[in-house]
Every structure is written in C-alpha cells, then in structure tokens.
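Biologist: Could you take me through one part of this model closely, the long helix and what packs around it, and then carry on to the cores? I'd like the cut-offs as you go.

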Amino acid sequence: MSDLVLLEQIIGAYGPTITAFSGGVDSTLVAVIAARVHGERALAVTGVSSSLAASERELAVQLAAALGLRHRLIDTHELERPGYRANAGDRCYHCKTELFERLVELAAVEGFAAVASGDNLDDLGGHRPGLRAAAEQGVRKPLVEAGMGKDRIRELARALGLPNHHKPAAPCLASRVPHGTHVDPATLAKIEQAELALRTLGFEELRVRHHGELARIELPAAELARALEQRHAIVAAVKRAGYLFVTLDLAGFRSGSLEVLLRKGAGS
C-alpha cells in the first residue's frame, strides 16, 4: 500500500475533519488529503494572533485558495493566558491548548468528527510541549499514524505538486524569545518588523532572536559573508524595528537554538 493511499484511509476513517492549518508543508498535506476524501466536509483553519507573522497569515490564505481548500481564519487569544506570557518553557503547550480548544469547539458546533494536526514522526523527539496539548484535546495526528517523517512528507508533497513542498519551517514569532522572558505584543511586533526588514534585503531563511535591547541574527552559514557586506543596511533596518544593538551569530542559523538556554537551566 502506498503512503498516499494509507494516508487517505486514515483520514477517511476520521469522518469530516478540521485541519489545524499553518501553511507549512505538513499541515498542507493533511488538509489536501482531507479535502480529497471528505470534500466540502473538510475545513482548514488558521489561528491568527500577534504571534503569527502577517506574511505567514497571507501565505496560508493564498495557499488555501490556490489549492481549492475550504479555509477559515479564527482569532486565538494565547496572549491572554498567563502561562503563555510567562514563557517558562511550556509556552507551546498554552498556545496549542488555546488553538485546539477553539478547533474542538468549532468541530462540535459545526458537526465535524475530528480535528487533525500536521505533527509527524520527527516531531515526537525533543522538547515538544504542544504535543501534550494535542493529546489532551484528542487531536489526531495522521502523519504520525501513517509513520511519516519530514523527508517522506516533502517527497509526497512534491509528487502531489504542492507549491510549498520545499518551504522551511516557520515557527511562531514567540519562538524567538528566550524562555523566562515574558512575551507581549510589542515584543512580537518588534521581531516581526526586524525579520521583514531582513527579508526585504534579500535574506530568506533567518531568525531574529530577541535578547532585550539586543537582536541576535541567525542566517545560514553561506549567507554570513553577504550579511557582513550589507552590515550597515542590516544594522539600520533592525534598529528601525526598535533594537539598540544588532549582532550576527557566527554559528549560523539553527532551528530551536534557544532551547540551549532551557536545557542549561534544567541542568543547573
């Protein structure tokens, strides 16, 4: 049995399905398969708040339209949750709880049988408090059930012609804030503005890590030389976003780099 057929069978067995749709390749694959097997009884839903960059919201809207998905934006209010704002290492738990509670409620009101996420096998390791929220809310993980990791998901997405099969991961803006530093809308807006400014300068894969008045920029190692050539423009752009100090991390881009601080705190 092919992976595609297996995924269709798994999602088909759920009944009418809401997919938590971020616009990333994982949730896109789930949403597309749900639409294939459930038609109008499949709905892709994107949670919108200060933690979602406007560019990511627009991408999700455009992608859903291009793929012919039923799509809806809903407001989420994770920033009203004290545990989210405190950012004590379990921020994602509070964020996902907010989202999944809203989706489960929506499913009950509109007669959907299941809520599904784009979590895959590669998400099961490491520090993933959001998975606990999914389990508590009964959210299904079809990619995990199908035994699929990120590489296979990208292969299948490419074979299906999904335009975002190569899209890098784009975690929420709060992921740029070190654990223990409170998260608020002003901080998230500052990060978003700084990252948008860098993309305007031609950089694509990047993170602006927030350290109070200091912005620590992570870029792929191959981009560091170009960044140094453009350092004056970079410094000016990031300072316009509200930072006083601008640094370039010579270790380069790496996803989840702030988890080093969380592990250090746990071991101290």
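Modeller: Sure, and let's fix a word before anything else: buried means under 20% relative accessible area, exposed means over 50%, and partly exposed is in between, using a 1.4 Å probe and protein chains only. Bear in mind that this is a predicted model, where local features need pLDDT of at least 70, side-chain atom pairs count only at pLDDT 80 or more, and totals for chains, interfaces and linings use all residues. Residues are numbered from 1 along each chain as its sequence is written, and side-chain values use heavy atoms, with hydrogens and water left out.

By that cut-off Tyr84 is buried, because its relative accessible area is 0%. Tyr84 lies in helix α4; helices (H or I, at least four residues) and strands (E, at least two) are DSSP runs, numbered from the N terminus. For contacts, the rule is heavy atoms within 4.5 Å. Leaving aside neighbours within four places in sequence, Tyr84 is in contact with Ser51, Glu78, Leu79, Arg91, His94, Cys95, Cys172, Ala174 and Val183. Pro163 is another matter: 79 residues along the chain from Tyr84, with 33 Å between the two C-alpha atoms.

Between α4 and α5 runs a loop that holds Asn87. Asn87 has a phi near 55°, a positive value in a residue other than glycine, and it counts as buried because its relative accessible area is 0%.

Now the helix you asked about. The expected span of a helix is 1.5 Å times one less than its number of residues. So the 20 residues of α5 (residues 91-110) should span 28 Å, and the end C-alpha atoms, 29 Å apart, agree with that. Its buried residues are Arg91, Tyr93, His94, Cys95, Thr97, Glu98, Leu99, Phe100, Leu103, Leu106 and Ala107. Among the elements covering them are β1 (17-20), β2, β3 (71-75), α4 (82-86), β4 and α6 (129-136). Just after α5, Gly111 takes a positive phi of about 80°.

One of those covering elements, β2, also leads to a loop worth a stop. Ser49 sits in the loop between β2 and α3 and counts as buried because its relative accessibility is 16%. Its side chain makes a polar contact with the side chain of Ser51 at 2.9 Å. That term means a pair of N or O atoms within 3.5 Å; within protein, one must be able to donate a hydrogen and the other to accept it, and residues adjacent in sequence count only if both atoms are side-chain atoms. Not counting residues up to four places away in sequence, Ser49 touches Thr76 and Glu78.

On to the cores. A nonpolar core is a set of buried Ala, Val, Leu, Ile, Met, Phe, Trp, Tyr and Cys residues joined through side-chain atoms within 4.5 Å. The largest has 28 residues, and Leu7, Ile11, Phe21, Leu29, Leu143 and Met148 touch the most other members. Two or more residues each come from α1 (3-14), α2 (25-38), β2 (42-48), α3 (54-67), β4 (114-116) and α8 (150-159), with α2 giving the largest share, seven residues. A second, separate core of 24 residues includes Cys95, Leu173, Ala215 and Ala227.

Back in the largest core, Ile11 belongs to helix α1 and is buried because its relative accessibility is 0%. Beyond four places in sequence, Ile11 is in contact with Thr17, Val30, Ile33, Ala34, Val37, His38 and Pro142. Ile11 and Val37 are 26 residues apart along the chain, yet their C-alpha atoms are separated by 7.5 Å.
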